[in-house]
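Reader: I would like to go through this model term by term. Each label should be set against its cut-off.

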Amino acid sequence: MRYDEDGRLPYESEFLAQLGDRVREMRAQHGLSRRELARRASMSERYVAQIEAGKGNVSIVRLLRIALVFRGE
């Protein structure tokens, strides 16, 4: 198997890039800054930036926190 420069398989990197794009789109639709999303999801702004860049290896729990912010909970 071939790994990329981040040590991931190609489909893993593509998945994370698409996830990051979607988080950025949802954040924009909700009119939130990265800082505000991070605050509401109880994570760092840097971590949100990494997710949006497709670099963060986001856990399912942190993904749930982000989803709950978008749902208004």
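**Labels and the values behind them**

Author: Start with arginine 24. Beyond its neighbours within four places in sequence, arginine 24 is in contact with Glu52 and Ala53. The model is predicted. Arginine 24 sits in helix α1.

Reader: Why is arginine 24 called partly exposed?

Author: Its relative accessible area is 32%. Buried needs under 20%, and exposed needs over 50%. Arginine 24 meets neither cut-off, so it is partly exposed.

Reader: How far apart are arginine 24 and arginine 34, in sequence and in space?

Author: They are 10 residues apart in sequence. C-alpha to C-alpha, the distance is 8.6 Å.

Reader: What makes arginine 27 count as buried?

Author: Arginine 27 also lies in helix α1. Its relative accessibility is 13%. The cut-off for buried is under 20%, so arginine 27 counts as buried.

Reader: Which residues does arginine 27 touch, not counting those up to four places away in sequence?

Author: Leu32, Ser33, Arg34, Leu37, Glu52 and Phe70.

Reader: What is the overall layout of the chain, read along the sequence?

Author: The pattern is α-α-α-α. There are 4 helices and 0 strands. The C-alpha trace spans about 40 × 20 × 15 Å along its principal axes. Of the 73 residues, 33% are buried.

Reader: Which residues of the largest nonpolar core touch the most other members?

Author: The core has 15 residues. Val23, Leu37, Met43, Ile51, Ile66 and Phe70 touch the most other members. At least two core residues come from each of α1 (10-29), α2 (34-41), α3 (45-52) and α4 (60-71).

Reader: What does valine 23 contact, leaving aside neighbours within four places in sequence?

Author: Valine 23 contacts Leu37, Ile51, Glu52, Ile66 and Phe70.

Reader: How do you know that the buried residues of α2 line one face?

Author: The buried residues are Leu37, Ala38 and Ala41. Seen down the axis of α2, they fall within an arc of 100°, so they line one face of the helix. Arg35 and Arg39, on the other side of α2, are exposed. The cover over the buried residues of α2 includes α1, α3 and α4.

Reader: Which residues of α3 are buried?

Author: Tyr47, Val48, Ile51 and Glu52 are buried in α3. Their arc around the axis is only 140°, which puts them on the same side of α3. Among what covers them are α1, α2 and α4.

Reader: What makes serine 42 count as exposed?

Author: Serine 42 is in the loop between α2 and α3. Its relative accessibility is 55%. Exposed means over 50%, so serine 42 counts as exposed.

Reader: What is the phi of serine 42?

Author: Serine 42 has a positive phi of about 55°, although it is not a glycine. This residue comes just after α2. Just after α3, glycine 54 takes a positive phi of about 75°.

Reader: Why are α2 and α4 called roughly perpendicular?

Author: Their axes cross at roughly 110°. The range for roughly perpendicular is 65 to 115 degrees. The crossing of α2 and α4 therefore counts as roughly perpendicular. The two axes come within 9 Å.

Reader: Which residues meet where α2 contacts α4?

Author: From α2, Leu37, Arg40 and Ala41. From α4, Arg65, Ile66, Val69 and Phe70. This contact divides into 5 nonpolar, no polar and 2 charged residues.

Reader: Why is arginine 62 called partly exposed?

Author: Arginine 62 is in helix α4. Its relative accessibility is 31%. Partly exposed lies between the 20% and 50% cut-offs, so the label applies to arginine 62.

Reader: What does arginine 62 contact, leaving aside neighbours within four places in sequence?

Author: Arginine 62 contacts Met43 and Tyr47. Its C-alpha atom is separated by 7.7 Å from that of alanine 41, 21 residues apart along the chain.

Reader: How much of the contact in the chain with a separation of 6 or more comes from residues 24 or more positions apart?

Author: Such residues account for 49% of those contacts.

Notes. Residues numbered from 1 in each chain as written. Predicted model: local features only at pLDDT ≥ 70, side-chain atom pairs only at ≥ 80, totals over all residues. Heavy atoms only, no water. Core = buried A, V, L, I, M, F, W, Y, C linked by side-chain atoms within 4.5 Å. Buried < 20%, exposed > 50% of the residue type's maximum accessible area, 1.4 Å probe, protein only. Contact = heavy atoms within 4.5 Å. Arc of directions from axis to C-beta. Axes fitted to C-alpha atoms, helices over the stretch in contact; angles between N-to-C directions. Parallel < 35°, antiparallel > 145°, perpendicular 65-115°, else oblique. Nonpolar A, V, L, I, M, F, W, Y, C, P; charged D, E, K, R; others polar.
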